[in-house]
Every structure is written in structure tokens, then in C-alpha cells.
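I opened my notebook to look at how two chains meet and how one sheet is put together. Here is what I looked up.

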Amino acid sequence: MNRREFLKGTSVLTAGAACLPFLKVMPAQAGGNETLVVVMGSTINSLDIHRSGTNRPSYQVAVNCYDRLLTFGTKTLEDGSLSYDYDNLQGELAESWEVSEDGRTLTFTLREATFWDGRPVTAQDVKWSFDRAVTLGGFPTTQMAAGSTTSPEQFEAVDERTFRITLPHASKLTLPNLTTPIAIVINSELALEHATDDDPWATEYLHRNPAGSGAFQVERWEPGQQLVYRRNPDWASGELPGAERIILREVPSASTRRALLERGNIQLSQDVPPRDAMELDAHPDVAVVSTPIENCLHVLCPNLRFEPFQDVRVRQAIAWAVPYEAIMQNAAYGRGVPMWGGDNSTADDIQWPQPFPYHTNLDRARALMAESDYPDGFEVPLSFDLGQADWAESTALLIQESLGQIGITVTLDRIPGANWRTRALVDKQLPLHLENFGGWLNTPCYYFFWAYIEGNLFNSSNYHSDEIARLVDETLFMEMDDPDYAPKIRRMIEIAFEDVPRIPLYQPTLNVAMQPNIDGYTFWYHRQLDQRVLHSR
Amino acid sequence: MTTLTADGASPLAGVRRFLRHLLYVMTDNPMTAFAFMLFLLIVGAALVGPWLVPYDPLATNAGSTLQPPSWQHWFGTDQLGRDVFSRVVVATRLDLMIAVSAVAIAFVIGSTLGAIAGFYGGWAERITGRCMDTIMAFPLFVLAMGIVAAAGNTVENIIYATAIINLPFYARMARTEVAVRRNAGFVQAARLSGNADWRILAFQIFPNSLPPMMVQISLNMGWAILNAAGLSFIGLGVIPPTPEWGIMVAEGANYIISGHWWLALFPGLALMLAVFTFNLLGDGLRDLVDPQRRT
Amino acid sequence: MTHLARSRLVGWRLLQAIPVIVGIIIVSFLLTRALPGDPAAYFAGPAADAASIEQIRVSMGLDRPLPVQFVAYVQDLVRGDLGISISTGQPVMHELTTRLPASLELTGVALLFSIAIAMPLGILAATRPNSWVDHLCRAVVTAGVSLPTFFTGLALIYVFYYLLGWSPSPMGRLDFLHLSPPKVTGFYVIDALLARDLETARAALAQLLLPAITLGLFTLAPIARMTRAAMLQILEGEFIRTARAAGLPRRQVLFTYALRNAILPVITTLGMVFSFALGANVLVEKVFSWPGIGSYAVEALVVSDYAAVQGFVLTMALLFVTLNLIIDVIYTLVDPRLGLEE
């Protein structure tokens, strides 16, 4: 790329630009040609979401550079901020789609779109991309399976622009699952040119070179430093992005990110810790958007493999002993939705998450402990992920202090982020720990499937209930407007209230801070920044 | 080169002379006197600090978080409402303990290995030499990180890691000091009078190499404290809620930009003061044991 | 000293380095294998189950016994293949070659800064031993080494960037308005100057300033202390007394005779200081988002990125061995006693 061109594109918007005399003299540019600078705390380690080892922050490349068949519409939340709308499924690459009578055949008609190299997007590309996702193994395969798509035989390119999915059974999750960052459409011909016998899915090539039809192309990628997006002027699957170029900088220190924003050197900061979000909110020149993360809870998990926690009275005692209010103030800094103090022990509706019928009541907790098999208390380590320390550390300290008052001696165990998954979720050996699972697909049954079914990844409490297992089985694929659905979900929630294998602390928020003149920020369930909708006023 | 034990005919006279010299160094160098007073203060805080502090260093108070310094809370309160002053004072013991144990282990093992290498030479020397070179070839802080990451972050592992990265200093020093005395007159004399090798090494040569090592110990103490603090900053240090300076600075560092400077400043000052003290003390000790300055 | 003797000396030094490097390969291999994380679980991604993790473990060769893994590792090493880093997804070799100059540039500038301050302080202290100047110098440099670098770094950012706005945003080697200069040496300032791009050179230097000062403050003490000690020793020496007695000007005695002799131990210290600084770099890079190998190593360590940690350690070891060699050579060149023999 030509240096001069790059500088030309760089707008006068940024405060730093004022120091550069040769940029000052450039004509003021019309809106839509601007460069936005976004900072994040983590590293993008691959441009290919299907590749094994690709970390979560890298998913945003899939969001911004690739198209999916489907997407969700946008809705305005109560606080005036924007969010995706789970109830409003829309076409992205698909112009239209049809669901057969039995719900087992989905037929998509593609719109006329081209990849960046000018080649038209065909149904064959969709098939190749989906085949790739279900074949490569690991996360993409697991996520595809959530939509009941597990094998290449289910995908069929009927003609150039017609693509068909056949399902073993109807499922309400299949269509929403096609909006996830996993279900991207890749330029299969370009990828195949770089495939080898050892690497038939071109993972090496796509790892460094995205090949999509999306709104942004990657102009340069310096891992550990920055990624620069450039707008694809020919994007067909949505409204052209407001920013011509977006520079995504990696700044590991949260303090530095905050200082950059406060000084006006950047336009937007992703992953803002709750305390900074609270304080930046008071700052006149910074706008903070905190969106409660759908289907996500910060929970305290007593592991049933640890003997005292097999006693439901002990689990309930803990649920009565947790200092919810203090955690909300000193760990979440008010950025969250209370999930305690529910009115009664039955669920009135199927809203999820909803407040559990517990609040801080040490007398009640002590009484339950006295009734239990462990009246004299016990010792237990409380583990948390160091990568989550910004909320988990204070939370753990507050819980430690509170449980000490009902006779449970807690020691803190900080686990480095890299070991966390293995120890907490795969081995499921941590006696008491803080967990933060959130389901991408926003249905209660989906949350219960991952977090309350024995053996499933996020059930790190090793909880099992025959009834919940049966209810999840029955509801997972059921349409939500089915009259049977709501009673079954209510029952599930009631059991969760009673058994508390996961004690909810609060529903966290996703915090993003930006200059007040930035518009269009939209919350997504995948928690990635959708750069396509950002623009400055 | 005269040394502490080799020059005094009567041990009492030696001690008296040493004290006189100590007094001389103190009065001659105000920095050393200052450092010595600080040292006493730190040791005092470590010994009796926990009984003197006004608040429980672990007690959180959701009602008064992030309070700036005041008469109630001299150093303010932290994000959980804990009293920073109490935490800073109580932390002294742990920090000192880490530094003392780490340096003690490094000194004992390092100087033993070094003394043996220096005394016998040959393969013993070559092998320990190469081992120490290997340790030294790592950026030392990164090696400490690696060890703690691999072994798990407990106080013991922090001590071991700090001890290991300090080993080569003592080993090399002991080797050199012993090697130059290996064939000294008093050693020859001891050998002729039928003393076993290890006796000569332990009672004749080794005590003579102690003074320069004392300097190293003092300097390393400061360094060991900084090392533990650095590990805490990365998240590999002491586990909260235990008060420890490094972790308090590391946690407080995140609050500097938001204007809550007291969280990092006071433990930072305590940390700096301790390291400062040991470093100055090391310099002072150097003067104390330096025979050139004793005349 | 003859040419032959000198090259023999260099050869001997090289030979001595071999067992050290072997030791380093073994230690770094064992250390990384002892790291508690599970790269297979990391590779398998957020929703993987035990079976897919096992599958990846097998494909990464992590199910084989340690000696077999070690042999495979050494074989790759001989071919110059350091493996692929899981945290950044890039070949480790590529990562190290792009990140090493960043760290070296930072450490180099920091050392220059440190030398520029510490040597005059040391000389000043040595000329007036035990005066208040001496004590003040000592207090200043000791205070520098007593401050944790991450604390100094953040404090400097707070004051000079956040409050005063004098310093550019602490976002790595260049702010987003400038592009990295065409790569020649990898040092941005030098490369930009070579490309006659003063604007970029200025910007790169501005980015360097705060982290270099942070690191430099930390390295003042050993240099100043060594300069002072060496100068003191030399100044008390016979030949200085003679020179003074002969009525040579004070300045000439100090800088021509004393300093030239005192510089030797200082240079030896520099090797140590460099090692020290590279270790401290880790923390400074983290604070300033500096894309060097120190911050890379921290990240790698945290996610149990075997290949990256090993590559980092090996590079460091080679760097140190080379550095010590260079110091030895400089030593032979500068040492007047050796010079006289020639």
C-alpha cells in the first residue's frame, strides 16, 4: 500500500492530526470518508474464525469482513442505545428463505453479491464454507451443531444462487445459528487455490488472508499491534459503512485505553472494565453504553463433586449469604442487572435471566447451615479466572468475607486465564468458583442446555437433575410460541431456584466507551464490535 | 588484603574495632546512618506492625470505598473500603519475609556451590560455572515468571524463584573469593597442620569471603522485594486479599488515571523506601567491610 | 596481543557458550512443559469438549512422551523452525524478528539515557567523595532503582500524557497517524532517518521517550555506582597522583587518564545492566503497549504458548552470549594494558 494514500485517507478528525501541518491543509472531507480509531485490550490472533486456536477477540474479523446468510435487525433499548433484535431475523447474503412445512428443509436464495476479487458469491461457496465449519472440528463444529447442522451431507448447492439445508428434525435454533460469526461465507475458489493435500481447507492461507464479501477488507494486520479495516465500496449485503477506514489498536493497559479516550485521541474503546465505565459515564466528553448481556449471568458455582455442596441446604445457605448489594456496588460498579431478591419461589414468566428468590440474610444462611450436615462449616477454595479479575477479584473477596460469617472458611485461588478452561470447564474440578457463561442464542433452554446438563461444557458445578434433563430435551428445538414451551421453562427455572447449583450474582453488561459524536454502536450477542454501523456525526 | 577475622589477634579487640569502625562509617556517611534508621523502622514495623495498626487490613467496608487520605484513614481506603495504612504496615512482614528467605536460600546454596567450585576447581568448577551461566543467560525476571507460572503462584514458589535467580551472584562471588584464597598462606598452614579440606574451607576460607557477600545480600534484598512486586503486577504474585506492597501497587496502578492516586502511592512509597534502605545499607556495608576505607 | 591470539580468545568464548546454549534448550523445554496451561484446550476453542481437545492434543504431538517431544523439538530447531505461536497465530521466528528490534531500540535508548545521566553523576560523586554531592547522587540513583518500573511508567504517563499532554499517546512505537518506515534495521528512528522521513523519525522518537526514561531510571544505579567506584579506585592510583603532581590540568587528568581506565569495569557492568534492563522491559512494554519481545513473552507464558516461550528464551540466550562476546572484544580493545602489548 502506498504511504501517501494512507495518510490521505487519515482524517483530520483525530486530535493528533492537528499537530501535523501537512494534514491540516487537506480539504475537509465530506462525511463518510473518515477514519475511526478503536482500541481494545486483547490481541487478534487469526483472521480465520474456523481455525483451531483462534481466540475470542478475533471473531470480530468474521463479523466485519465476512457475510453470513442471515443477520438480525436492530432495535432501540430503553436507554436509547441500539441492540440487535433476536426477534427480527433478516437476510444478509440471503435475499429470501423458505422453511418447509415440516421445518426440516431450509431453502435460501442468495442476493447478487461479489467477493472482494469480483467473483460472484454462489451457493457452492456457502456449501464449502459450511462444510468447512462442520469438518474442521473444535469450536466451529460445536457451534454449527447447536443449529443441528453436523455433516456436509446436510448442505446442498441446488443451483448458483439456491442453497439448501436439510435437518434431522425441525429446530428453532437453526436459523438464528446462521447469524453467528461461525456461519460465514468464504470465497471458496480463492481459498482452494491455496489449499494443499495436508491442508485441504486452506487454514494456513485464510489465517492470514481473509477472503470474503463483507463490508470491510483487512488493509494491514500487525498481530499484537493493530489491524486496519478498509471499507469495501461494493458491499451488497447491507448499508455501506460510515467509516472508510477503521484502525483497531491493541492497548493492553486499561488505564491507557481510558486516558486515550479521555484525551480524545481515539474514537471508541472496547472492553471497558466496569469501574472505568462508571467513572467515564460522569465524564462530559465521553459517552458510555452499557448493555446488559442477554442470556448471560455472573454466577457463583458450588461444585457438587465437592461433598458439602451435595447438600442442597449448604448451597441455599450460600445463596442467602452472598453480599449481593456490595458485589453490585464494589465489583460491578452498578453496571449490571440485579439477579437477587425475586419475589417468590415460582417463576411467573419465562424471561431469562430473572432474579432468584434470594437476598443477603445471614441469619437465614446460618440457620440453613445449622440444619445441614455441616453445622460447623468447612474449608473451601474459591477459584476465579485471572483474566476476569476486573470483576471477579473484588467479588471473590466479598464472598470470602461473607461466607466466613456462616462458618465457611474460604481461601482464594487465582487461576491464570490459560488454565481456566481446562480446570473449570473441562476437568470441572474446582469446588467453588466464579463463572460467566452467556449463551449466544437467546433462549432459556439454550442456557439450561449448556449450564445445567451434566457433562456439558459450562455445567462446571456437575449438577444433574433428571427433570431438567428431560425438560431441556423437550424444549431445545421446540418453537417458543408452542403452548407447552412456557410451562416447561417455568418449571426448569423453579428447579434452578430451589437447587441453586449456580448462584446468580448479577447479569453483567457489555461496556463500550466512545466520543459523544460517534453514532451507530450496536450491541450484539457475540459481544464483538460491529464496525460496519459506526460513524461520526 | 586484610580481612575481618584474619587481622585481629584477640577476637574482643576485633569486635571493638569493628564497632568503632561502624560508628565511624555512620557518622562519616549520613546516608548510611539514615538507611540504618530506616532499616530499624522497617524491622520494627515487621515485628510489631500487625498489633499497632488501627484497622483490620482485611476488613472490607462497602460504605467507605476509595476515600482519600484523612484523619480516620491516613492513607485513604481502597476499592473495597480497606484501610490502606493498615495494609501497608501489615504488608511489611510478608515482604520482608519473602526477601529474607529468598536471599537466605540463594546465599546458602549459592555460596556453598561456589565455595566448592572455587576450592576444588576442575569439573566441579566447570559444571557449576556452566549451570550458573545458564541461569544468567535468561532475562532474570522472565525466568522468575516462568518458574512461578510453572509451579503455581504461592508465596513459597515466589521465594524459590527469587532464590534461583539470585543464586549465580553468590555462587560466582564465593567461587572467586575462595579461589583467590585457595593457596593463601594461612590455608597452607592449616593444611600442613593436618586439617581436612572441608574444615579449611568452612572455617578458614569461607568466613573470609563473607564481607563482600554481605554487601551483595543487602543489595539483593531490595531487588527481591521489587521482583515479588513485579510478579504481582503480572498476576503471578501473592494471592489477595493478603496485603503485600507489590500487589497493592499493581492494583492501585489501575486507579492512577482515575485520580485515586493514594492506592498506588503509599504502598509504592513503602516499597521504594524498603528497597532504598537495603540499597543504601548495601553501600554502607561496602564501606564498612572495605579494608581500604578502614585505615 | 596478536590477531591469532585474539581470534583464539573469541573462539574459546564461543566454545564456552555451547554448553550454556544446550542447558538453555533443556531448561526452556522443561519449563514450558511444566507450565500448567493446556495448549490443546486453548487451541480447541471456547466450546470444545473433551474429545475434540484430545484430538487436538494428538495432532499437536502433546500425547507423546516427553523425550520424544524433546527430540522432535530439537529436530525442528536444527531446521530453523521455531514453531507457530498459538497466541498470535504467527510463526515464532517471524514474531521474534519483528519484535526484537522494538525491544532493542527501547533498551538501547534507555541505556543511552541512563549512561548520559549516570556516568556524569558517578564521576561527580567520585571527585567529591563523601561530600553532600556524593550523597545526593547516591540517593538519586538509588531512588531510581527502588521504584517499580510499572509504577514509574504509569506515573509518567499520568503526568506527561494525561495531565500535561506533552507526550504522545502511549500506544506503542508509532501513533496511528504514521506508518512504520520501510524496514532496514528495524529501528524505527534509524529507518525513518534513512528514508529521510523526519516527521516519522520525530514521531517514533517521541513515542520512545517515556518508556526509555522509565527503563533508564531503573538502570541508573548500577552504572553510576560502578563509575563512582571505578573512578575512586583509579583516582587513588599512583599514576593519577603522578599526573597531578606533574601539574597536568585537572580536567585532563580526569577525562583522559582516569576515565579511560575507569570505563573498563563500567563496560563490563553494562552487560549485566542490559540483562537487567531486558528483564525489566517486560513490565515497561506492558505499560506502554510496546510491541517488543518482553510483552510477547509475558503473553506467551500466560497462555502456555510453548513454541513462543522457547523461541523467546533461545533468542535471549543467543543475544546474551553475543553481547558478552562483544563486551569481551571491546574490553580487549579498550584495555590499555592489552593495548600496550600490541
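**Entry 1: the contact between the chains.** I am working with a predicted model. I began with the residues in contact. On chain A there are 18, and they touch 23 residues of chain B.

Next I looked up the buried area. Between chain A and chain B it is about 1,600 Å². Carbon and sulfur atoms give 54% of that area.

Then I checked for salt bridges across the interface of chain A and chain B. The rule finds 0. I also checked for residue pairs in polar contact, with both residues at pLDDT 80 or more. The rule finds 0 of these across the interface as well.

**Entry 2: the chain A side.** Which elements of chain A each supply at least two residues to the side that touches chain B? I noted four helices and a strand: H9 (254-262), H10 (274-281), H12 (324-330), H14 (389-404) and strand E18 (408-415). The largest share comes from H14(A), with 6 residues. I then sorted the residues on this side by type. I got 7 nonpolar, 4 polar and 7 charged.

**Entry 3: a sheet in chain A.** I turned to an open sheet of 3 strands in chain A. Their order is E3-E4-E22, and the pairing is mixed. Why do E3 (70-76) and E22 (522-523) of chain A each have one side without a neighbour in the sheet? Both stand at the edges with a single partner strand each, so one side of each is left free of a neighbour there.

Last, I followed strand E4 (residues 82-91) of chain A to E22(A). The two run parallel and are joined by 2 bridges. Opposite Leu82(A) I found Thr522(A), in E22(A).

Note on methods: Residues numbered from 1 in each chain as written. Chains lettered and ligands numbered in written order. Predicted model: local features only at pLDDT ≥ 70, side-chain atom pairs only at ≥ 80, totals over all residues. Heavy atoms only, no water. Contact = heavy atoms within 4.5 Å. Buried area = accessible area lost by both parts, 1.4 Å probe. Salt bridge = Lys/Arg side-chain N within 4 Å of Asp/Glu carboxyl O. Polar contact = N/O pair within 3.5 Å; in protein donor to acceptor, adjacent residues only side chain to side chain. Nonpolar A, V, L, I, M, F, W, Y, C, P; charged D, E, K, R; others polar. Pairing = 2+ DSSP bridges.
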